[in-house]
Structure formats: C-alpha cells, structure tokens
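Grab a coffee and work through these exercises with the viewer open. Each one sets a task and then walks through the solution.

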Amino acid sequence: MSPRIKKTRAFNVEQPLMFYKIVALSFLFLTIVLITVIVFMTSKRATITITTKEHPIDIEATVNVGDIEKQNNIEGSVTSTVIELSKTYYPTGNKQEEGVAKGTVTIYNESNRAQPLIATTRLLSKDDVLFRIKNKVIVPANGSVEANVYADKSGPSGDLAPQDKFIIPGLNEARQKDIYASSEESMRGGIKNVGILALKDVSQAKEEMRSLLKEKGIISFGETEIGNVAVYKMVQHVIEQDAEIGDEVSEFTLTGKATIAGVVYENAAIQDTADEAMSKHIIDDVSLIRVIDEPPSVSLERIDLETETAELIVYHSGVETLNPESKQLQKMLFFGKTKEEVRRYLLKLDNIYGVEVTFRPVWVSTIPYVPDHVQVIVKQVE
C-alpha cells in the first residue's frame with residue numbers, strides 16, 4: 001500500500017508547478033509586449049515645418065469732414081483762398097539776339113525823410129552794370145518800395161544774378177548810404193531766345209504755373225496747430241497767355257488765377273480710421289497684420305465750400321503674415337493624420353506657401369497622439 005500512496009503525491013506536486021510556470025511565462029510575454037508597445041508609442045515623433053512670408057496689403061477708407069449725417073465723420077475746418085500770379089516764360093527758340101535785360105528791385109530808405117526817384121534814375125551794381133528805374137517812385141522814410149528796372153545797355157552784360165546792393169549814383173554820398181536797392185531774382189533779357197512759340201512751351205509753362213499757384217495758396221494758409229494736419233486742393237483755376245501758338249516771340253507771359261481749398265483735421269482721428277480699416281482686413285486668427293511705420297496718406301476727394309464739408313480718402317499700408325499662435329495650427333488638429341492629409345489641410349490656409357512633414361522613426365506614417373511628440377515650426381522667408 002505504501003508505494004502506491006507515494007506515487008500519487010508526486011503527480012499532485014508536478015501539476016501546480018506546471019501551472020505556475022505557464023502563468024510566469026504568460027506574464028513575461030505580456031510584459032514584453034507592453035514594453036514593446038510603450039517603446040513604439042514613445043519613439044514616434046513628427047515635425048511639421050510651415051513656410052510663410054509677408055506680403056504687402058493696402059487699405060483705403062473714406063472720411064467725411066464736417067458732415068455729421070455721414071459715417072466716419074470727424075471734426076475739421078474747410079476754407080479756401082483765391083491766388084493770382086503772373087510770370088514771364090521763354091520759348092525754346094532756335095536763335096538768339098541781344099535785348100535789354102529787365103527785372104525788379106527793392107529800394108530801401110533808412111533815413112527819416114522820404115526820397116522821390118524819377119524815371120530813368122540810375123542804379124549801379126557792384127560789377128558796374130548800370131540799370132535805370134522804369135517809373136517814378138517815392139521811397140518812404142524808414143521803408144522800402146519795389147521798382148521795375150531795365151539795363152542801360154542791351155546785351156548779355158545786363159543778365160545779372162540776384163544782387164545784394166545797388167547804389168544810386170545820382171544821390172550824394174551821404175544819401176547813398178541810406179538809400180540803396182537789392183534784387184532777389186535775376187535780371188533777364190540781355191540775350192533773347194527768339195523762335196516760334198510751340199505748344200510744348202505753353203504746356204510746360206502752364207504746368208509750372210499751376211504748381212506755383214497751389215504752392216502760393218498753401219503758404220497763405222499758414223501753419224496748422226500742433227496735432228492737426230491739412231490737405232489742399234486746387235478746385236478751380238484759369239490761366240491766360242499773351243501770345244498764341246505759332247507767334248514769333250522772345251518771351252511770353254502767363255497770368256493765373258486759382259481757388260485753393262484747404263481741409264484741416266486731427267491727425268489722431270485719421271490714424272484711428274486707418275487702424276480700424278486695417279483691422280477689418282483680418283477675417284480670422286490665422287493672419288497677423290503689421291502696420292508700417294509711415295503715417296497714412298490722405299487725399300482730398302470732394303469739397304463743398306458752401307456747406308464747408310469735405311470727403312477725404314485715407315490710404316495706409318502694412319504687411320500680412322501667418323500667426324504662429326493661431327487656433328488652426330494647434331497640434332491636436334494633426335493627430336492621426338498622414339503626411340498628405342496634413343499638407344492638404346495647411347495649404348488651404350492663407351499665407352502658407354510650403355509644408356514639410358518628417359517622421360521619426362522612418363517607418364512611422366501618421367502624426368502621434370502625444371502633443372510633446374509633435375513639433376510645429378513656422379519659418380519666415382523673404
């Protein structure tokens with residue numbers, strides 16, 4: 001009986017040992033699988049490189065001055081002035097001949113007694129070139145008067161540059177110290193260009209006349225107050241000439257008359273309008289706008305002098321580029337996507353010009369679901 005009992009016990013001991021061995025091997029297998037999965041998951045990396053570049057944008061906005069019934073109305077003043085001007089021009093003739101130089105001088109009197117000067121009174125330059133007064137003048141005490149003069153002799157010697165002093169030989173030496181003349185513009189006409197007055201001559205002269213009328217009108221408005229800016233426009237003008245196209249002349253004179261309008265407004269109000277218009281250019285957060293340092297430019301589009309209202313056009317410039325912090329570039333939007341899916345999604349967005357997606361290890365084909373394992377790089381190119 002004893003041997004049979006011992007054999008049964010040996011069989012019962014081997015059975016639990018086999019079970020534990022299988023459990024241990026299964027646990028080891030599962031551990032290896034789990035470690036493999038963890039290594040697989042933690043080794044997946046993806047880098048998304050987005051190429052972007054700035055591109056210029058220009059905005060245009062309308063601003064109304066003085067018209068409270070219209071939108072974008074700002075405070076300001078609307079005024080105008082009338083300017084008249086005459087100037088002599090010279091044709092581009094094909095021959096030259098001698099003439100008598102002419103010009104204008106200012107005669108000063110630093111004494112306490114008025115001084116009459118008859119026509120033909122002599123004026124002598126420092127280079128001993130003699131001129132004569134065309135008409136009688138009276139130089140007031142401690143004052144000055146302008147006078148038209150002409151050279152005593154014809155020829156190029158009379159074509160003088162502006163002179164700081166002419167003496168008057170007809171006065172005694174004591175009076176010559178108190179009464180003298182000077183010129184701010186050159187004397188011209190000693191040599192005359194004689195030719196056929198061409199359309200080109202008149203057109204160029206009228207263009208200059210328009211510029212001079214506007215310039216003189218702007219000067220007449222004076223300086224604006226601190227913080228204010230002004231814009232000007234010639235609203236109407238008439239220019240007449242004393243010679244006709246085809247005439248043989250040595251010179252011709254244009255006489256112009258113009259109405260120059262000016263609008264004064266607050267610079268801050270225009271800047272606010274330009275900034276608001278620029279901000280409206282962005283329709284989502286994928287773009288950023290950077291305004292250039294130069295202030296907005298303004299043109300006077302329309303003006304009504306009777307109602308003292310005006311319409312201004314404001315122009316401003318900036319650059320648009322990709323916003324790296326955009327919600328549309330969040331990493332979670334790329335989880336599980338392939339390289340082509342990422343490219344198609346990104347290239348639909350504004351300001352993106354190129355996309356490159358790289359995986360590590362090389363056998364990885366989708367974006368990992370771990371944010372720390374995804375890198376998004378935005379590169380700015382010129």
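Two strands pair if DSSP finds at least two bridges between them. Helices (H or I, at least four residues) and strands (E, at least two) are DSSP runs, numbered from the N terminus. The model is predicted, so to speak, by the book: local features need pLDDT of at least 70, side-chain atom pairs count only at pLDDT 80 or more, and totals for chains, interfaces and linings use all residues. Residues are numbered from 1 along each chain as its sequence is written, and side-chain values use heavy atoms, with hydrogens and water left out.

**Exercise 1. Work out how β13 and β15 are joined, and which strands stand at the edges of their sheet.**

Step 1: strand β13 (residues 191–196) runs antiparallel to β15, and 2 bridges join them. One to look up is isoleucine 196, whose bridge partner in β15 is glutamate 248.

Step 2: put the pair into its sheet, an open one of 3 strands in the order β5-β13-β15, with antiparallel pairing.

Step 3: β5 (95–98) and β15 (248–249) are the edge strands; each has a single partner, so one side of each has no neighbour in the sheet.

**Exercise 2. Lay out the sheet that holds β4, β16 and β14, then find the helices that pack on it.**

Step 1: the order is β4-β16-β14 in an open sheet of 3 strands, paired antiparallel. β4 (76–89) and β14 (228–241) have a single partner strand each, so they stand at the edges with one side lacking a neighbour in the sheet.

Step 2: from one strand to the next, the twist averages 20 degrees (axes are lines fitted to C-alpha atoms, for helices over the stretch in contact, and angles run from 0 to 180 degrees between N-to-C directions).

Step 3: β4 pairs with strand β16 (residues 252–266) over 14 bridges, in the antiparallel sense. Threonine 88 has threonine 253 as its bridge partner in β16.

Step 4: add the helices, where contact means heavy atoms within 4.5 Å. Helix α3 (residues 199–221) packs on the sheet and touches β4, β14 and β16, its direction making about 140 degrees with that of β4. Helix α4 (residues 267–279) packs there too, touching β14 and β16, at about 75 degrees to the direction of β16.

**Exercise 3. Is tyrosine 232 buried or exposed, and what is it in contact with?**

Step 1: find tyrosine 232 in strand β14.

Step 2: its relative accessible area is 17%, so tyrosine 232 is buried (under 20%; exposed is over 50%, partly exposed in between, with a 1.4 Å probe and protein chains only).

Step 3: leaving aside neighbours within four places in sequence, its contacts include Lys214, Ile218, Phe221 and Leu300. The C-alpha atoms of tyrosine 232 and lysine 214 are 8.3 Å apart, with their positions 18 residues apart along the chain.

**Exercise 4. Track down the backbone oddities at aspartate 128, glutamate 308 and proline 361.**

Step 1: recall the background: most residues other than glycine have a negative phi, and most peptide bonds are trans.

Step 2: aspartate 128, not a glycine, has a positive phi of about 65 degrees. Aspartate 128 sits in the loop between β8 (122–124) and β9 (130–133), and is exposed at 60% relative accessible area.

Step 3: glutamate 308 also has a positive phi, about 55 degrees, in the loop between β18 (297–304) and β19 (309–322).

Step 4: arginine 360 and proline 361 are joined by a cis peptide bond, with omega about 0 degrees. Proline 361 lies in the loop between β20 (354–360) and β21 (374–380).
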